[in-house]
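Work through the exercises below with the sequence and the coordinates at hand. Each task is followed by a solution in steps.

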Amino acid sequence: VNTKENYNFYSKTTTKFTCAKVECPSYFTRLRDPCYYQYDKDSCCEVKKYCPEEKAIGHECVYDNQVYKNGQRFYVGDYLQCVCSPEFNGTISDKSCREVGCSYEILYMENILSRSAPVYFEKVDGCPIEWFNPEYNAATADEITSTSKSNEHNCKYGDLSISVGQNMTIGQQSDSDTYKTTCSCNIPPLVTCIKVRK
């Protein structure tokens, strides 16, 4: 079920979609070995429960030194979701894997329009783990360095504009004993933040 609501940002009306969360039966019921859920490459949820007979050897896949049984799902990085099948030969292909997208324009439109900063974990890959919102988190641009490029391509954080290569300190990015967060203008139009383990 999708719902649609209208919002007003910077004197512009925009539409926000609220998508239903997928709740698969496997999220609530764990199976005992040797049973497991089987998936299809293009399905969000499992397609069936499989319990092999004892001593039965089914198809197996090996990827990154891990063994997967026929129909088991595994991930390659943050973007690819794969399913073990007879078509899988140890290399990543469209036959067994599909890209998992973040649906930025649907799920994060409010953040994009308010020029919030996406926060990624360890590398700018996959989907953001959180967003710093300029309405609630003040920011200051660090001094321009020789690596900063002053031109028409800038990043925005709310009404604040910084040059490519320039760093920014955002109020909420309080570092802990475990994590450190850095924000900078790498690829316009938004400031990007990365949270890493210390």
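A residue counts as buried when its relative accessible area is under 20%, as exposed when it is over 50%, and as partly exposed in between. The model used in these exercises is predicted.

**Exercise 1. Overall description**

Task: State how many helices and strands the protein has, and what share of its residues is buried.

Solution.
- Step 1. The secondary structure consists of two helices and 17 strands.
- Step 2. By the cut-off above, 31% of the 198 residues count as buried.
- Step 3. Turn to the contacts between residues at least 6 apart in sequence: 41% of these join residues at least 24 apart.

**Exercise 2. Confidence**

Task: Find which strand has the lowest confidence and which has the highest, and say how the former should be read.

Solution.
- Step 1. For the protein, the mean pLDDT is 79, with 79% of the residues at 70 or more.
- Step 2. Strand E1 (residues 2–9) has the lowest confidence, with a mean of 46, while strand E14 (residues 160–164) has the highest, at 91.
- Step 3. The pLDDT is below 50 over residues 1–10, yet this stretch has 33 contacts in the model beyond near neighbours in sequence.
- Step 4. Predicted coordinates should not be read in detail where pLDDT is low.

**Exercise 3. The second largest pocket**

Task: Describe the lining of the second largest pocket: which elements give two or more residues to it, and how do its residues divide by character?

Solution.
- Step 1. The space in this second largest pocket is about 310 Å³.
- Step 2. Its lining is made up of Ser26, Thr29, Arg30, Leu31, Asp33, Cys35, Tyr36, Tyr37, Tyr39, Gln72, Arg73 and Tyr75.
- Step 3. Strand E3 (36–38) and strand E7 (73–76) are the elements that contribute two or more residues to the lining.
- Step 4. Six of the lining residues are nonpolar, three are polar and three are charged.

**Exercise 4. Cys35 and the peptide bond before Pro34**

Task: Place Cys35 in the fold, decide whether Cys35 is buried or exposed, and list its contacts beyond four places in sequence.

Solution.
- Step 1. Cys35 is in the loop between E2 and E3. Pro34 is also found in the loop between strand E2 (12–19) and E3.
- Step 2. The peptide bond between Asp33 and Pro34 is cis, with omega about 10 degrees. Asp33 and Cys35 are both among the residues that line the second largest pocket.
- Step 3. Cys35 has a relative accessibility of 19%, so Cys35 counts as buried.
- Step 4. Outside the four places on either side in sequence, Cys35 contacts Tyr50, Cys51 and Pro52.
- Step 5. From C-alpha to C-alpha, Cys35 and Cys51 are 4.2 Å apart, with a separation of 16 residues in sequence.

**Exercise 5. The loop between H2 and E10**

Task: Compare the exposure of Arg115 with that of Ser116, and describe the surroundings of Ser116.

Solution.
- Step 1. Arg115 sits in the loop between H2 and E10, and Ser116 is likewise in the loop between helix H2 (109–113) and strand E10 (117–121).
- Step 2. Arg115 has a relative accessible area of 27% and is therefore partly exposed. Ser116 has 0% and is therefore buried.
- Step 3. Although not a glycine, Arg115 has a positive phi of about 60 degrees.
- Step 4. The side chains of Ser116 and Ser114 make a polar contact at 2.9 Å.
- Step 5. Leaving out residues up to four places away in sequence, Ser116 touches Asn111, Trp131, Phe132, Asn133, Pro134, Tyr157 and Leu190.

**Exercise 6. Two further loops and a strand residue**

Task: Find where Asp64, Pro189 and Thr192 lie, and describe the local features of each.

Solution.
- Step 1. Asp64 belongs to the loop between strand E5 (60–63) and strand E6 (66–69). Its phi is positive, about 55 degrees, although Asp64 is not a glycine. With a relative accessibility of 63%, Asp64 counts as exposed.
- Step 2. Pro189 is in the loop between strand E16 (179–184) and strand E17 (192–197). A cis peptide bond, with omega about 20 degrees, links Pro188 to Pro189.
- Step 3. Thr192 is in strand E17 and, at 12% relative accessibility, counts as buried.
- Step 4. Not counting residues up to four places away in sequence, Thr192 touches Pro118, Tyr120, Val124, Thr182, Cys183 and Ser184. Of these, Tyr120 is 72 residues from Thr192 in sequence and 7.9 Å away, C-alpha to C-alpha.

Note on methods:
Residues numbered from 1 in each chain as written. Predicted model: local features only at pLDDT ≥ 70, side-chain atom pairs only at ≥ 80, totals over all residues. Heavy atoms only, no water. pLDDT = per-residue confidence, 0-100. Helix = DSSP H or I, 4+ residues; strand = E, 2+ residues; numbered from the N terminus. Contact = heavy atoms within 4.5 Å. 1 Å grid on protein atoms, 1.4 Å probe; cavity = no way out; pocket = protein on both sides within 12 Å on 5 of 7 lines; lining within 4 Å. Points joined across faces, edges and corners; volume = space filled by probe spheres on them. Nonpolar A, V, L, I, M, F, W, Y, C, P; charged D, E, K, R; others polar. Buried < 20%, exposed > 50% of the residue type's maximum accessible area, 1.4 Å probe, protein only. Polar contact = N/O pair within 3.5 Å; in protein donor to acceptor, adjacent residues only side chain to side chain.
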